[in-house]
Amino acid sequence: MFENTVFGRLDQKLQHAIKDAGYETPTPIQEKAIPYLLDGRDLIGCAQTGTGKTAAFMLPILNHLVRERKPRRIGHPRALVLSPTRELAVQTAENVKRYSKYAQLPFACLIGGVSQHGQVKDVKKGAETVVACPGRLIDLMNQGILYLDQVECFVLDEADRMLDMGFLPDIKRIISKLPKSRQSLFFSATMPPPVLKLAGELVHDPASVTISPETPTVEKINQKVMFVAKSQKDALLAHLLEQHPEWNRVIVFTKMRHGADRVVKKLSRAGINCAAIHSDKTQGQRTRALDGFRRGDVRVLVATDIASRGIDVPDISCVVNMELPLETESYVHRIGRTARAGESGAAISFVTYEERGQLKAIERLIRKSIPVDRDHPFEAQPDLPQPAWVAPARSGQNNKGGGHGPHGKRRRKSFAGRRQVDFGQKGGGRR
Ligand code: AMP
């Protein structure tokens, strides 16, 4: 079926499922990682969600389970995937279900925030694969429901996020219960020293695969920056949603939970169907919001970074960054929600004067400057501190000369120091 690709090395049952999923060719990470994993190697993968990473690790694992069948032992899974967030765990489990539909490999998804009843039932049915968040997993281990002594394949997914969320002690505890002889896979979007240290403790003679942020997936995204004062961001968002009725699935990112709630309140007042997902929401609320978004009932999903990791919804028209993320790499994660696996998408970042440093860092990371879109009524920021806002002139450029009011028509350099701005032309400014 897939003779000329790495998919062709997988069991027929998996190939059928891949075909049903509509995959025609492997993504770069799948192309690179699957051969190592089929050979039983440990792996360190530096890749973000949105690259096809889940299939890259799940398909070889399922292949192993199908080809090397063993009598089922209740409560002793053979494969364990650890995810930092409930959304990501659910998403991964959905993929396990999708890929194993002809292979009859029972699985369980263990996440907190919901009753453990159904999850325990799945474990007792003989789940061979367990996808779990650390908290619920440890809970079930403590209750004597689940044991890790038969785990043959272990995946630590989004390790950087795990550490950010303070899961290191839990992870160490979980690793200590795994058998010494196993295949270990370690995935992280970024590899700062603490993450590398953890990787070193987990994997043995690993192959390594890096899919850099500027993979074609991200390059296909039409990225824009809109300069706007903080006080005008909500108005700009409402304006864009009104201007673009064709955007039927929009994700809006905020830095903080209360910011997400504020945006939802404002948009709801403007009659726009929206919902927030962040860590203060119950699992039920998050699931309802995501389901509504998938169905198209919820037009705008407002999310914080942590909640965003597991969002895998096709046909997202646009990602809006109300604020730039504190962590530069999160920018790539955020905009990766659109243009999933080869589609094209748009990503707009609202940037204030204070955020210009973050913008520069992001541009350095993605190695290109993001075009500025001035075609909106909230451009120009006369409330910004003038001396810093007006970048120092390069030699020969006259950067002196007077006021900074909304009606001044002067040629200035923008704060990114590379564009000419014509303040006052657009009728912007504080209103
Ligand atoms: P992930 O990075 O695992 O979150 O995957 C991102 C999206 O790409 C998911 O919707 C997958 O179903 C999809 N996907 C994964 N592999 C392929 C492929 N080879 N061809 C097309 N879509 C894929």
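## Around the ligand

A polar contact here is a pair of N or O atoms within 3.5 Å. With that in hand, take a look at the ligand site of this predicted model. Which atom of the ligand does Gln 30 approach with a polar side-chain atom? The partner is a nitrogen atom of the ligand, and the two lie 2.7 Å apart. Tyr 23 also joins in through its side chain, with an N or O atom 2.5 Å from an oxygen atom of the ligand. Thr 51 uses its backbone instead: a polar atom there sits 3.0 Å from a ligand oxygen. Of the 500 Å² of accessible area that the ligand has on its own, the protein covers 87%.

Zooming out a little, the ligand is surrounded by 16 residues, and the closest are Tyr 23, Gln 30, Gly 50, Gly 52 and Thr 54. What mix of classes makes up that shell? Eight of the residues are polar, four are charged and four are nonpolar.

## The seven-stranded sheet

Now for the sheets. One of them is open and has seven strands, paired in parallel, in the order β3-β4-β2-β5-β6-β1-β7. Its edges are β3 (107-110) and β7 (207-210); each has a single partner strand, so one side of each is left without a neighbour in the sheet. Going from strand to neighbouring strand, the average turn is 10°, with direction ignored.

Inside this sheet, β2 (residues 79-82) runs parallel to β4 (residues 129-132), and four bridges pair the two. If you want to find one of these by eye, go to Leu 80, whose bridge partner in β4 is Val 130. Packed on the sheet is helix α4 (residues 86-99), which touches β2, β3 and β4. The direction of α4 makes about 170° with that of β3.

## The six-stranded sheet

There's also an open sheet of six strands, again with parallel pairing, and here the order is β8-β13-β12-β9-β11-β10. Which strands stand at the edges? They are β8 (221-227) and β10 (274-277), each pairing on one side only. In this sheet, neighbouring strands are turned by 20° against each other on average, direction ignored.

At the β10 edge, four bridges link that strand to β11 (residues 300-303), and the two run parallel. Cys 274 is a handy marker, as its bridge partner in β11 is Val 300.

## Helices on the six-stranded sheet

Two helices are worth picking out here. Helix α13 (residues 283-295) lies across β9 (250-253), β10 and β11, and runs at about 135° to β10. Helix α15 (residues 328-335) lies across β8, β9, β12 (318-321) and β13 (345-351), with an angle of about 150° to β12.

Methods. Residues are numbered from 1 along each chain as its sequence is written. This is a predicted model: local features need pLDDT of at least 70, side-chain atom pairs count only at pLDDT 80 or more; totals for chains, interfaces and linings use all residues. Side-chain values use heavy atoms; hydrogens and water are left out. Two strands pair if DSSP finds at least two bridges between them. Axes are lines fitted to C-alpha atoms, for helices over the stretch in contact, and angles run from 0 to 180 degrees between N-to-C directions. Contact means heavy atoms within 4.5 Å. A residue is near a molecule or strand if one of its heavy atoms lies within 4 Å of it. A polar contact is a pair of N or O atoms within 3.5 Å; within protein, one must be able to donate a hydrogen and the other to accept it, and residues adjacent in sequence count only if both atoms are side-chain atoms. Accessible areas come from the Shrake-Rupley method with a 1.4 Å probe; for residues, only the protein chains shown count as cover. Ala, Val, Leu, Ile, Met, Phe, Trp, Tyr, Cys and Pro count as nonpolar, Asp, Glu, Lys and Arg as charged, and the others, Gly among them, as polar.
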